[in-house]
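Student: I would like to learn how the descriptive words used for a protein model are justified. Could we go through some of them step by step?

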Amino acid sequence: MGYARARSVVVDGVTGRLVTVEADISPGLSAVFGSREQGDRVRAAILNSGYGWPDARVTLPCESSESITDLAVAVALLAADGCLPVERLDGVVLLGELSLDGRLRPVRGIVPAVSAAGTSTVIVPAGCADEAAAVPGAVVVPAVRLSEVLERLRDGTLTPHIRAALRAASQLDLSDVPGNHAARFALEVCAAGGHHLFMVGDGPGLMLAERLPGILPPLDDAAALEVEAVYSVAGQYDRAPGRTPPMSAPHHTTTLAGITGNRHRPGALSLAHRGVLHLHEAPEFNRRILDALPGPMDSGEVRLLGRERLVHYPARFQLVLSAATCPCGRDCTCTAMVRRRYLERLARPLEHVELRARFERSSPAAGPGEPSAVVAARVREARERAAVRLAGTPWRANAEVPVRLLRRYLPAVPEVIALLDVSVSAGLITATTVPQLVRVTWTLADLRGASQPTEEDAARAMELWQGARDASR
Ligand SMILES: [Zn+2]
């Protein structure tokens, strides 16, 4: 006869929630588990670790049949059976799936699970230790087997894990991309204001896009943890980019579920959270994917219908679309109509894209481009100016300020409004484009170190918006 409880965590979307697992040993009753698979794993792991199987009843919250709670279920059972003083489980959270031979297997979602554990000591599978220790302030104890967990709890040898060194930042440098001044400038404005960018042409679109994370400001503590939580739940923690904003570049054959995610794991949109989503050869993507982009671009998250409730994944990214001018590749003989149709596939996402640029094959005579470090320094100064203006708000960049609050945080001076109004009257832009351009004028002013945008900034924003408009002609 005995009773014990242990704590674990279940993960919904990218949010962890503490759960309590109770084991109640009453003679004659057989064990009841959250799921049959979990029951089989836990029973085999206990027997193969050299412990006896108690006649026990196990009470679990209904959703805790997740494999991440295996370790807590097994330890609660063994404690109730007298293998461990029950008070040893106070202040401890147990995470990990059990294999049949009693070893601990890594699980997805360790970062949000450890975050939810708060100040408790968290025991995790050794393969997840670095990932778990990414959470600031976490006390993480790695273990390899169930029997080792029992020993450590009994003996109090809960030695915290020290995280291995962070990965080095990306080595990709803008100096590798010669010429292309217009596209490089658009990329710099994109980084400085957090704007979306469309690049069209035949040449280094991919190289330019890949170098965007290297000129963006490094992630702060909160953003870095959000990104690590997404990669953790996706089971791709080894690809989390550390302090560099992430880059997610799905292939055009990726399915809609691969882009948006499903109820078990986030997709490409969320792997770009706080960083860059690059769609290379963008018109080749499935139309349903292209048309699904504006929702997350507006809301900063992906909402999916799970089994019983909505699953939310964060997805606040900068979109970079790159495209060739036509579907045939080089030595084009396509008609203007074919080329226009090709790029028209991008119509929906392009309604939300403020910057357009053409790129071209660089000639070797152009010499090396300006290095990333120099561009990044200008971007950082521009972002600092924006940060002062946006202090006390949830937004970090000009592009994030909602239309209804533009007047308050990014007011347009009369000569800027005058020029944009003329452009609307002339049919060059629509009224819905005006707020996008106002945000860009502020980014241009920030890059110049000016206190507010001028008419020239408005003209430049118009040029950047029109940048690749004639590509289909
Ligand atoms: Zn062609």
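Student: At what angle do helix α18 and helix α19 cross, and within what distance do their axes come?

Tutor: Before I answer, please keep in mind that this is a predicted model. The axes of α18, which covers residues 434-448, and α19, which covers residues 455-466, cross at roughly 115° and come within 9 Å. The crossing in which α18 passes α19 is right-handed.

Student: Which residues make the contact of α18 with α19?

Tutor: On the side of α18 they are Q436, L437, V440, T441, L444, A445 and R448, and on the side of α19 they are D457, A458, R460, A461, M462, L464 and W465. Sorted by class, the contact of α18 with α19 has 9 nonpolar, 2 polar and 3 charged residues.

Student: What makes Q436 polar and R448 charged in that kind of sorting?

Tutor: Arg is on the list of charged residues, together with Asp, Glu and Lys, whereas a residue on neither the charged nor the nonpolar list counts as polar. R448 is therefore charged and Q436 polar.

Student: Which residues of α17 and α19 meet, and how do the two helices pack?

Tutor: Helix α17, residues 414-425, packs with α19 at an angle of about 35°, and their axes are 8 Å apart. This crossing is right-handed. The contact is made by E415, V416, L419, L420 and S423 of α17 together with E455, A458, A459 and M462 of α19, and by class it has 6 nonpolar, 1 polar and 2 charged residues.

Student: Why are α2 and α5 called oblique to each other?

Tutor: Helix α2, residues 70-80, and helix α5, residues 146-155, pack at an angle of about 55°, with their axes 11 Å apart. Angles under 35 degrees count as roughly parallel and those from 65 to 115 as roughly perpendicular, and an angle of about 55° belongs to neither group, so α2 and α5 are oblique to each other. Their crossing is right-handed.

Student: What is the make-up of the contact of α2 with α5 by class?

Tutor: L71, A74, V75 and L78 in α2 meet L146, V149, L150 and L153 in α5. The residues of this contact divide into 8 nonpolar, no polar and no charged.

Student: How do you know whether L94 is buried or exposed?

Tutor: We set its relative accessible area, which is 0%, against the cut-off. Buried means under 20%, so L94 is buried. L94 is found in strand β4, residues 92-94, and, not counting residues up to four places away in sequence, L94 touches A6, R7, S8, I68, L71, A72, V75, L89, I123, V149 and L153.

Student: What makes L293 buried as well?

Tutor: The relative accessible area of L293 is 1%, and since buried means under 20%, L293 is buried. L293 is found in the loop between α11 and α12. Leaving aside its neighbours within four places in sequence, L293 is in contact with L269, L277, L279, L319 and P349. L293 and L319 are 26 residues apart in sequence and 9.0 Å apart in space, C-alpha to C-alpha.

Student: Why is L206 called partly exposed?

Tutor: L206 has a relative accessible area of 35%. Buried is under 20% and exposed is over 50%, with partly exposed in between, so L206 is partly exposed. L206 is found in helix α7, residues 205-210, and touches H278 and H280, not counting residues up to four places away in sequence.

Student: What is notable about the phi of R274 and E281?

Tutor: Most residues other than glycine have a negative phi. R274, however, is not a glycine and has a positive phi of about 65°, and E281 is a residue other than glycine with a positive phi near 50°. R274 has its place in the loop between α10 and β11, while E281 is in the loop between β11 and α11. With a relative accessible area of 36%, E281 is partly exposed.

Student: How many helices and strands does the protein chain have, and what share of its residues count as buried?

Tutor: The secondary structure of the protein chain comes to 19 helices and 15 strands, and 51% of its 473 residues count as buried.

Methods
Residues numbered from 1 in each chain as written. Predicted model: local features only at pLDDT ≥ 70, side-chain atom pairs only at ≥ 80, totals over all residues. Heavy atoms only, no water. Axes fitted to C-alpha atoms, helices over the stretch in contact; angles between N-to-C directions. Helix = DSSP H or I, 4+ residues; strand = E, 2+ residues; numbered from the N terminus. Parallel < 35°, antiparallel > 145°, perpendicular 65-115°, else oblique. Left-handed = near helix turned anticlockwise from the far one by under 90°. Contact = heavy atoms within 4.5 Å. Buried < 20%, exposed > 50% of the residue type's maximum accessible area, 1.4 Å probe, protein only.
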